[in-house]
Every structure is written in structure tokens, then in C-alpha cells.
Amino acid sequence: MTATMASPAAVDVDHLAALESEAVHIIREVIAEFDRPVLLFSGGKDSAVLLHLARRAMHPAPLPVPLLHVDTGHNFPEVIAYRDQLVSDLGLRLHVAAVQDWIDDGRLTERPDGTRNPLQTVPLLDTIAEHRFDAVFGGARRDEDRARAKERIVSLRDAFGGWDPRRQRPELWNLYNGRHAVGEHARIFPLSNWTELDVWTYVARREVPVPSIYFAHEREVFARDGMWLTAGEWGGPRNGEQVVTKSVRYRTVGDASCTGAVESSAVTIDEVLAELATSRITERGATRADDRLSEAAMEDRKREGYF
Amino acid sequence: MADLTPRPGKQVSEPMPRPCKQVSGLLRLTTAGSVDDGKSTLVGRLLHDTQSILADQLAAVDRATRARGGSQLDLALFTDGLRAEREQGITIDVAYRYFATPTRKFILADCPGHVQYTRNTVTGASTAELAVVLVDARNGVVEQTRRHLAVMAFLRVPHVVLAVNKMDLVGFAEPTFRGIESQFTAAASALGMPEMVSVPISALHGDNVVTRSESTPWYHGPTLLEHLETVPIGREAVAEPMRFPVQLVLRPRTADYPDYRGLAGQVASGVLERGDEVVALPSGARSTVTGIDTPDGPVLQAAAGQSVTVLLGDEIDAGRGEVLARPEQTPRVVTELDADLCWLSEQPLRPGARVLIKHGTRTVGAIVAALTGRLDLDTLRHREPPAMLQLNEIGGAHIRLAGLLAVDSYASNRHTGGFLVIDTANGNTLAAGLVTAA
């Protein structure tokens, strides 16, 4: 047998490579052990990276997991176009759970403030139950929020989709225990150990396609709660709110009525990375009105079955 | 006991797996300390002083501090995430924190200090390559410290750092620090742990955490962060015998890959190379590694931690649950084993219990045939067998398996010597198991 010398790249111990290998390992464990996995796909950068990792995990075999988009109806058209293009290019199966359908038939009621982010939970849980999905991949990261910091990588949900932080299973070594009763499911978070900067560095390294609104563009916006919201048919502007045109980009992609843009001139990934390196505000703090409701806003939503 | 004698390696003409020269860019660490040792404050300090806390988080903590009637920024509030934790001023669950410096990224498993939450410490320590054990300078080494140290020794965390905190409250006195250091070192060497680094700190004021303190001119060692940035890690796993647990078989059956059959998995330890003779265990089938695939193309080798796909020369029956190893350095294929169990469930373990064991990518039924001892965490020695094993206790057990497992002793391989004990009825994780002899 001929000895093969190490090429430096073969023993790649750079932290992003370690995170990538960890995520691929998690995804393969879940695809091997669960019967009906599904991947939550919002069109945001985290779900784009998650999808990319899932495809890598199964390469060269096709991804045997459908996508699920919980659609608030308050979409950025660029994100929907990106989603549809990607699904078609990759030949993937996409389920859409539209919040509007639940409102139309009375299972949900529109909130007075018009925000639909909290309304996503019911369509999500109904769709999981309808298709009997037993493993639900999500792109949530522990660095996003302090309730998420206590989340497991494989996290059990009861029959009502609820998360009980005091009943979490200990997660030892890299052995994941996804055993569950009929009607329960597990949420799977392969990006648990990634930060926003890791995600962007990875997008740059692997050339993962992301929607155009992550890069600076001219947009009609108005100021509310210290954020730039997009002017549109939902939520604004209201009386006294001035619409102005600004060069902005989005740091997160969510319900368009409560996801804020940041002023930016970053039109390339390198410029986005440079901007993040000097940013002094977290992505949720900068862009999500719904997380400012209380100290425990995310914990409360998670307990009810939110992403 | 496990056979720890070195086995003959490969032929002399072949290179041994190289020690990894690069310093790993990712360090997983954990913290341990008693209640009020200032652990949350230390974690908050590390995050704050590495600029990992951003303005809006700072403002939120500032608001919360004031709401609780405080004046100085309460760094602990960065890490207490759940409503009950903030209300009761305690930490319930392991929280993961992230910070980075230009040289490394750190994943910190922040574990609660309460004695009843030993299971969280075990959880955090299972993946940690380094543990920071906190001691209050006023109290010195206490029973809790010994227990935490023993857990780190038990789980073979490769590096332990002693952080003597609240040095400001003892006037930064060197004799106090040296006294605790020698107490701690004595306790650690009694547990068979290697020499360790001790740092005098004040997490509250930041002394020697990230920035060097002017109050400890007698201390010439690294700051805590300097040590975290430079400690060599990742070498142990690469130097161990090669283990590749197969996660799943990839068979695309597409036009481009009609006959492709690849074994997907993550190298658990050692280095896998193209051309290696391998044996799949427990089945015992032999083959040759004809290729190592990644989505970016083939590679010549893959080291511990890398997720790859292995192509074999023969169509052998090696699916999920098999472990690839070199024929001269194999794990043991067993139908029974001795193990230490760290019991994590409220419901105690009684001899005769039927359980599931999840080891690597294989899960088998098992019976805990006998409890063989209870581990004394002060000495890491086994005492007389208990009638049952209670929450947070560690005990020796003899386990009979319903199927074959290919195991290493935990002492020789942290990655293939550990397993989960799972409740057959409700699926809960009951225990962390460490193979002692097979």
C-alpha cells in the first residue's frame, strides 16, 4: 500500500469546516432514524444554509426531504421568487402552509396590530400533524436569543407542539436521542452552534444563493420603533409616518410587516461581512419588532410550538 | 479491565497518523463551579470583554439590572435565559454561548452549579475539550469543587483550568491563591488528572480574564482568555485508532450515479486514508477504502471530526450500525460489557432493568444484569454495590446485550467508549454510559 501524505486541506480544522461536519452528521443521523422528516424553509439565509448542508449530507443522492414554508402572506416578492426558483432548479418538493387560509376559514384571527409572525405556530403544527412529519429541521441558532441558547439540537415537542425547557433530555457527546411517542415530533437544529457571522462566512465560502434583499438596495421605507419598515399594503405607513427612500438591506427575512431593514451600502458578500464585523447590534435587535414585546418573548412563543 | 497495552501498529514503512500541527480553530469548553462562585459573571465577563455582547443586548441587561434595583451592570443576566431562572436568580439548564477572537471560535456550555443538576455538568463535559473550574477565593476548594473535578476526570475532559475567582475580596493575596492552587492540584492528581493551569481572577472587575490585572504583579501566567486561545486541542482524537461509524448508505440510483454506493459518516477518531484495509464491525467483513468522497470532490484522507463518504472495494454488508476500523486496531465486538453509568433520571435504576443502549450509530436492547459498585466521586474509586442507582449517582454495572456492539473502553477512546441508556417505554435518556471493560 502506498503511503499518502496529508494535503493541508485534508486535515482542515478551521472552525467553519468543523461546524459544517457537525451539521452534516446531525442531518444524516436524523434522516437515518426518522420516518418522515421535513425541512422548514422560509427563504431566509439560515434556511438557505440549512438546505445547502442537507444536500451536502446526502450528496450525490438527491435530498429525500420535502420543504415546508409557513407563509404569513406578508412576503417580500424577492424572497418568494427566490424560493420558487430554487425549488424548481433543485427539483425539490415544497409544502406551503399559508396563514391566510387559516384566517379565511376562521381557525385563526388577525391580530389588531396586523403582525402575523405569532400566527405561524398554528399552521405549522397543523401541517406537521396532517403530514405526520416526525422530524422538523429548522435553521434556528442558539446565539439568536437566550431562550434558544438552552435549546437542544434534537428537541422533543409534545403532541401540542409545546417546548418544555425543564423536561429536556440531556444531550451527551454527539449521540442524539430522537425517540418519541406517536403524535409527538422532534425539532432538529443543525445550525445550533452557528452565529450570524458563521452563516455569512459560509454563504461566501460555499457560494450559497440567498435572496437579493440581503444586499443593499433602494427601498421606500418609514421609521417605526427605531426600525426601517417597508412601505406596503400591510401595517403602514400610518398617520404621521413619513415614507422616504433609503439604501437598505435586510439582516433577517420574516413577516414583512414587522421585519425591519438596516441602512446599508453593502452590495457584495464581502461588504456584508465587513458591515457585520463592525455592527454593534444583534440581528434580532435590529430587525424584529416581535422580540421586543417582553424579556421572554421568544421563550413564550417557543413554549407554544413556534419555530 | 480494558486492554490498554499498545497494539502493534502498521508496518514500519507506513507513516503513523501525523499529530495535527495546526491548532484547532474551534474550542468547546465548559464551566463548573458551586452556586455563587460567580460562574455566570465570568461567562458574562468573557462575552463582554471579547466584544461578543452587542449594544442592544447590553441595553436590555442594563434595563433588567435597574428593574431589579441594581446599579452595577449584572453580568449574570446575560446568561440566565429562562423566565424561571431570572425570577429565581438561578440557572436551570445548560446554556450555550458563543464568542470568538481572531484566533479561535469558542462554544461554551454554561452549566448550573446546583448539586442536583449534576446531569447538566455531565452533559456539558461530554463534548468539552476544556473545563474551567471556578473556586471562590474566600472559600477555597469545597466538596462541590471536588465533585465537579471528579466529573471532569470521569468524562476525561482533556484540559482543566482552575480559576480562583473573587480575588478582589481577598486583597489579591498571593498566599491565598497559592494555597487553593496546591489544594486543587492535589485533588486533581489524586484523580489522575494531568497538570493544569491556575489563574487568579476577578470576574466582576475583569482581572486576568481577558486583560492582565495590575493587582496581581506576582502572577506571571496567561490570562484566562490567553490560555483558551493557545491550549493545543484536537490532537487526542487524531492520534487514536481510526473509527468510522457508518450513518447511512448513499445509493443515488440516478442517471449520473447508477451504481454508486457510499458509506456516509463522520470520522470519530484517528485518520482514515484511501487505500486503507478496513474491517466492518460487528459483521467482520473486510474491504479496502477505494475512495473518500466529499461534495467538493475526492480527498486522500479524512481526520477525526470530518464528515465524508467512504467508497469500498467490495460490496460488503456494511450499513448503519457498523464501525469501520483497521484490522490491526479494532474495537472489541461484545455481547456484554462493564460500564460506569451516570444516572440522569428521577426514576432509579434497579438490577434487572431492561433498557436500550445507543452506541455510535447502533441501538440494541440490553439488560442491566447487576450493579457492581458505586463510584465515590471524592476518590473515583468504586464502593460496595448499591441496591439501586439514584439520580446523579455514578455506579458500575454489568450489562448484557441483545445484539452485538463494537466498543472501545472510554479510557482509550472518548468517542467510541460512551453510550446512552434509553428508557424502552418513553424513550427518555436515562444515563450516560462509559465502557470500562468489554
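Domain bounds are taken from an automatic or database domain assignment. For chain A, this assignment yields domain 1 (15–198 + 298–303) and domain 2 (211–292), and the C-alpha centres of the two domains are 24 Å apart. The model is predicted: local features require pLDDT of at least 70 and side-chain atom pairs pLDDT 80 or more, whereas totals for chains, interfaces and linings use all residues. Residues are numbered from 1 along each chain as its sequence is written, and chains are lettered from A, with ligands numbered from 1, in the order in which they are written.

Between the domains of chain A, 21 residues of domain 1 are in contact (C-beta atoms, placed from the backbone, within 7 Å) with 18 residues of domain 2. On the domain 1 side, two or more residues come from each of α3 (77–90) and α6 (196–206), helices being DSSP runs of H or I of at least four residues, numbered from the N terminus. The largest contribution to this side, three residues, is that of α3(A).

The contact between the chains involves 52 residues of chain A and 62 residues of chain B. At least two residues of the chain A side are supplied by each of α1 (15–33) and α2 (45–58), and α1(A) gives the most, with nine residues.

The largest nonpolar core (buried Ala, Val, Leu, Ile, Met, Phe, Trp, Tyr and Cys residues joined through C-beta atoms within 7 Å; buried denotes 20 or more other C-beta atoms within 10 Å) has 189 residues. Among those touching the most other members are A:L39, A:A54 and B:M152. Beyond its neighbours within four places in sequence, B:M152 contacts B:A32, B:A125, B:A131, B:V157 and B:V160.

Note on methods. Two residues are in contact if their C-beta atoms, placed from the backbone, lie within 7 Å. A residue is buried if 20 or more other C-beta atoms lie within 10 Å of its own, exposed if 12 or fewer, and partly exposed in between; C-beta atoms are placed from the backbone.
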